[in-house]
Amino acid sequence: MTVQSPSFPVPNAFEVLCAQYAQRLPAQLEDLSGPAHGTVDLPLHVVWSGRRSYGLEQPRSRMSLYRTVLAEGQRQDLVDFLNRDLLIAQWPVLRPLISRPIRDAWESAFTELTTATAVTAA
């Protein structure tokens with residue numbers, strides 16, 4: 001059996017993922033109006049199994065929440081559950097914990113995140 005390659009360009013999986021994450025981004029980081037304190041309970045469409053409740057006062061819990069919302073949330077979820085100041089503050093630690101397509105989409109759109117990383121590294 002001979003398999004022929006398609007005569008049309010096949011998109012790169014990395015580029016497809018970057019585009020999907022970029023479509024979810026808010027217009028600006030200031031749109032991220034999620035809570036900075038307390039407990040966040042994520043809806044089932046964001047986290048369909050396992051842990052759904054996260055305490056923002058505990059760094060590991062907060063990091064887990066942000067990783068989940070960045071990976072699984074739609075635009076409104078990002079706005080509702082992420083906080084601009086918390087995201088910028090924890091970005092240097094968070095960025096190696098998220099997938100490269102997510103990281104590239106966010107850092108391409110928001111230079112504040114790359115600045116936060118550079119300041120922490122210096």
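1. Accessible area here means the surface found by the Shrake-Rupley method with a 1.4 Å probe. On that basis, the protein chain of this predicted model exposes about 7,400 Å², and carbon and sulfur atoms supply 54% of that area. Of the 122 residues in the chain, 39% count as buried.

2. A good way to find your bearings is to walk along the chain. You will meet six helices and two strands, and from the N terminus on they run in the order α-β-β-α-α-α-α-α. Contacts across the sequence deserve a look too: among those between residues at least 6 apart, 61% join residues at least 24 apart.

3. Let us begin with helix α1. Its 12 residues should span 16 Å at 1.5 Å a residue, and the end C-alpha atoms are 17 Å apart, which agrees. At the start of this helix, a side-chain oxygen of N12 comes to within 2.6 Å of the backbone nitrogen of F14.

4. Which residues of α1 are buried? They are C18, Y21 and R24. Viewed down the axis of α1, the buried residues fall within an arc of 120 degrees, so they line one face of the helix. That fits a general feature: an α-helix has 3.6 residues a turn, so residues three or four places apart point the same way. The buried residues of α1 pack against α2, α3 and α5.

5. The other side of α1 has a different character to look for: E15 and Q23 are exposed there. For Q23, the relative accessible area is 58%, and since exposed means over 50%, the label follows. Q23 also has a partner in space to point out: its C-alpha atom and that of R75 are separated by 8.0 Å, although the two residues are 52 apart along the chain.

6. Next comes helix α2, which covers residues 59-72. With 14 residues at 1.5 Å each, the helix should span 20 Å, and its end C-alpha atoms are indeed 20 Å apart. The buried residues in α2 are S61, R62, M63, L65, Y66, T68, V69 and L70.

7. What covers those buried residues of α2? The cover includes the helices α1 (13-24), α3 (75-81), α4 (84-94) and α5 (100-109). Strands take part as well, with β1 (39-41) and β2 (53-55) included in the cover.

8. T68 is a handy residue for seeing this up close. T68 sits in helix α2 and has a relative accessible area of 17%, so it is buried, the cut-off being under 20%. Leaving aside neighbours within four places in sequence, T68 is in contact with L42, V46, V47, Y54 and G73.

9. Now for the charged pairs. Side chains of opposite charge can pair when their charged atoms come close. How many salt bridges are there? The count comes to four. One of them joins R84 and E30, with the closest N and O atoms 3.3 Å apart. This pair links distant parts of the chain, as R84 is in helix α4 and E30 is in the loop between α1 and β1, 54 residues apart. Both ends are partly exposed: R84 has a relative accessible area of 25%, and E30 has one of 45%.

10. Another salt bridge brings E107 and R95 together, the closest N and O atoms being 2.6 Å apart. E107 lies in helix α5 and R95 in the loop between α4 and α5, so the pair ties together parts that are 12 residues apart in sequence. Is each partner buried or partly exposed? E107 counts as buried, at 14% relative accessibility, whereas R95 counts as partly exposed, at 24%.

11. A further salt bridge stays within one helix: the side chains of R100 and D104 meet at 3.5 Å, N to O, and both residues lie in α5, four residues apart, about one turn of the helix. R100 is partly exposed at 49% relative accessibility, and D104 is partly exposed at 23%. Elsewhere, salt bridges that share partners join E30, R84 and D85 into one network.

Methods
Residues numbered from 1 in each chain as written. Predicted model: local features only at pLDDT ≥ 70, side-chain atom pairs only at ≥ 80, totals over all residues. Heavy atoms only, no water. Expected span 1.5 Å × (residues − 1). Buried < 20%, exposed > 50% of the residue type's maximum accessible area, 1.4 Å probe, protein only. Contact = heavy atoms within 4.5 Å. Arc of directions from axis to C-beta. Polar contact = N/O pair within 3.5 Å; in protein donor to acceptor, adjacent residues only side chain to side chain.
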